[in-house]
Amino acid sequence: MTVPIPTTQQGTVVVNPGPSYQIIHRDDLPVPQPGDHEVLVKLTCTGLCHSEIRATSGWGNYNPIIGHEGIGTVIQTGSLAPQSLLSSRVGVKWLYSACTHCSICTSGHPHYCPHQRNTSRHVPGTLQQYVLADARFLTPIPETVTDEIAAPLLCAGLTMAGALDRLDGVLRPGDSVVISGSGGGLGHLGVQIAARVKGWRVLAVDSGEEKRRLSMEAGATEFVDFRAEDVVARVRELTDGEGAHATVVVPGDPSAFRVAADLVRNLGTVVCVGLPRNDFELPVSATLCAARGISIVGSSVGTEEQMAELLQLAAQGVITPAVKCYGFDETAKIIRDLEEDAITGRAVVRIPQ
Ligand SMILES: [Zn+2]
Ligand SMILES: [Zn+2]
């Protein structure tokens with residue numbers, strides 16, 4: 001099957017990143033040609049991640065075309081990419097490529113490769129009609145998982161699967177984990193995985209009725225509203241005064257990190273997921289960390305095996321992202337809502353066909 005490929009395409013571009021950034025719709029972007037290992041993917045939709053605000057705020061060097069949760073179909077292959085990929089439905093993730101030969105890659109963790117390249121950072125992202133992807137790092141999408149359901153799993157879902165797997169062997173079924181930001185794109189999927197797959201007791205932290213409802217539907221045992229309650233006191237109350245066994249800090253908001261160590265009991269684990277400004281440092285007393293035996297671990301996205309397992313869980317209906325679909329022209333508004341923490345669940349943008 002040969003799909004006609006135009007020479008120009010529509011896309012959404014971040015201009016002048018920083019306090020007065022703009023998001024501009026373009027219809028004259030070039031459609032790129034795949035390099036040796038690359039394929040050209042015609043996108044149908046993309047999820048938008050809270051981390052996009054790092055790009056619009058200018059907290060690092062990002063590509064003007066953001067987005068890294070793209071679903072589409074392969075319509076062209078590079079000279080070294082398998083021809084068999086043509087017409088397959090695929091996911092384009094944050095990990096565009098990794099070196100494949102360093103000790104991190106060969107240990108099965110290319111997403112921590114120091115030489116990795118990222119979609120929407122080193123190469124253009126998924127807020128365009130046609131995106132290039134490295135065939136070696138594509139994710140096949142099972143037939144029974146719809147585009148809108150699959151998209152949020154590519155970063156939000158995978159990030160939470162990766163973070164919660166860091167607690168395997170640390171927590172036992174029934175142990176308690178605090179998930180902050182539980183009503184957001186990542187958080188609600190984290191609650192589902194922790195409660196439904198791991199069998200842990202989830203104490204969800206977020207704010208507002210909508211996020212409370214989503215957190216409880218996702219399987220949380222308790223919800224703590226950080227704007228209305230003293231989170232540390234409430235979590236202690238819910239854990240016989242000891243604190244939770246672990247916490248996963250999902251928001252990029254510094255205030256979520258400030259309380260993290262106080263939410264866990266001695267020998268507890270703090271998993272850092274959220275991405276505040278690069279100059280924000282963890283506010284933890286080194287002495288208390290040692291005396292209390294606290295473990296602090298970082299986690300970023302996950303492996304292709306974790307991705308495949310998550311998509312299978314979605315196909316079985318165990319994990320279901322709460323998705324709201326938007327038009328392509330609503331991108332600027334979604335980014336503003338993400339900045340204001342006003343999106344419950346995941347925003348998915350439909351790409352014009
Ligand atoms: Zn992301
Ligand atoms: Zn590597």
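Helix 4, which spans residues 187–198, is mostly tucked away: nine of its 12 residues are buried. Keep in mind that you're looking at a predicted model. From that helix we'll move on to a serine and a lysine in helix 5, a zinc site, some paired strands and a couple of ring arrangements.

**Helix 4 and what surrounds it**

- The buried residues of helix 4 are Gly-187, His-188, Leu-189, Gly-190, Val-191, Gln-192, Ile-193, Ala-194 and Lys-198.
- What do the buried residues of helix 4 pack against? Their partners are helix 3 (147–165), strand 10 (176–180), strand 11 (201–206), helix 5, helix 9 (304–315) and strand 17 (346–350).
- A handy bit of background: an α-helix has 3.6 residues a turn, so residues three or four places apart point the same way.
- Just after helix 4 you'll find Gly-199, which takes a positive phi of about 75 degrees.

**Ser-215 and Lys-211 in helix 5**

- Ser-215 sits in helix 5, which covers residues 209–217, and Lys-211 is found in helix 5 too.
- Is Ser-215 buried or exposed? Ser-215 has 0% relative accessibility, so it counts as buried, the cut-off being under 20%.
- Lys-211 comes out at 5% relative accessibility, so this residue counts as buried as well.
- The two residues meet through a backbone atom: the backbone oxygen of Lys-211 lies 2.6 Å from a polar atom of the Ser-215 side chain.
- Ser-215 also makes a polar contact, side chain to side chain, with Ser-182 at 2.8 Å.
- If you skip residues up to four places away in sequence, Ser-215 touches Ser-182, Gly-183, Val-191, Ala-204, Ala-220 and Phe-223. One of these, Val-191, is on the list of buried residues in helix 4.
- With neighbours within four places in sequence left aside, Lys-211 is in contact with Gly-183, Asp-206, Phe-223, Asp-341, Ile-343 and Thr-344.
- For a sense of scale, the C-alpha atoms of Lys-211 and Leu-310 are separated by 23 Å, and these two residues are 99 residues apart along the chain.

**The zinc site**

- Which residues hold the zinc ion (ligand 1)? Cys-49 (SG), His-68 (NE2) and Cys-155 (SG) coordinate the zinc ion, at 2.0 to 2.2 Å.
- Along the sequence, these donor residues follow the spacing C-x18-H-x86-C.
- His-68 and Cys-155 link distant parts of the chain, since they are 87 residues apart: His-68 is in the loop between helix 1 (52–57) and strand 4, while Cys-155 is in helix 3.
- His-68 has 2% relative accessibility, so it counts as buried, and Cys-155 counts as buried at 7%.

**Asp-175, in a loop**

- Asp-175 is placed in the loop between helix 3 and strand 10.
- Being in a loop doesn't leave Asp-175 out in the open here: this residue is buried, with a relative accessible area of 8%.
- Not counting residues up to four places away in sequence, Asp-175 touches Val-170, Trp-200, Arg-201 and His-245.

**Strand 4 and its partners**

- Strand 4 (residues 70–77) has six of its eight residues buried, so it is largely enclosed by the rest of the structure.
- Strand 3 (residues 38–48) and strand 4 run antiparallel, joined by seven bridges. Within that pairing, Cys-45 has Ile-71 of strand 4 as its bridge partner.
- Strand 4 also pairs with strand 5 (residues 89–92), again in the antiparallel sense, over four bridges. Here Gly-72 is matched with Val-90 in strand 5.

**Rings**

- How many aromatic pairs does the structure hold? There is one.
- In that pair, the rings of Phe-257 and Phe-280 have centres 5.9 Å apart and planes at 55 degrees, so the pair is tilted.
- The pair links distant parts of the chain, 23 residues apart: Phe-257 is in helix 7 (residues 254–263), and Phe-280 is in the loop between strand 14 (264–272) and helix 8 (286–292).
- Phe-257 is buried, at 4% relative accessible area, whereas Phe-280 is partly exposed, at 22%.
- Elsewhere, Arg-121 lies over the face of Tyr-62, at 5.0 Å from the ring centre.

Terms used
Residues are numbered from 1 along each chain as its sequence is written. Chains are lettered from A and ligands numbered from 1 in the order in which they are written. This is a predicted model: local features need pLDDT of at least 70, side-chain atom pairs count only at pLDDT 80 or more; totals for chains, interfaces and linings use all residues. Side-chain values use heavy atoms; hydrogens and water are left out. Buried means under 20% relative accessible area, exposed over 50%, partly exposed in between (1.4 Å probe, protein chains only). Helices (H or I, at least four residues) and strands (E, at least two) are DSSP runs, numbered from the N terminus. Two strands pair if DSSP finds at least two bridges between them. Rings of Phe, Tyr and Trp (its six-membered ring) pair if their centres lie within 6.5 Å; planes under 30 degrees apart count as stacked, over 60 as edge-to-face and the rest as tilted. A charge sits over a ring if NZ of Lys or CZ of Arg is within 6 Å of the ring centre and within 35 degrees of the ring normal. A polar contact is a pair of N or O atoms within 3.5 Å; within protein, one must be able to donate a hydrogen and the other to accept it, and residues adjacent in sequence count only if both atoms are side-chain atoms. Contact means heavy atoms within 4.5 Å. Donors are N, O and S atoms within 2.8 Å of the metal (3.2 Å for Na, K and Ca); water is not among the atoms, so sites may look incomplete.
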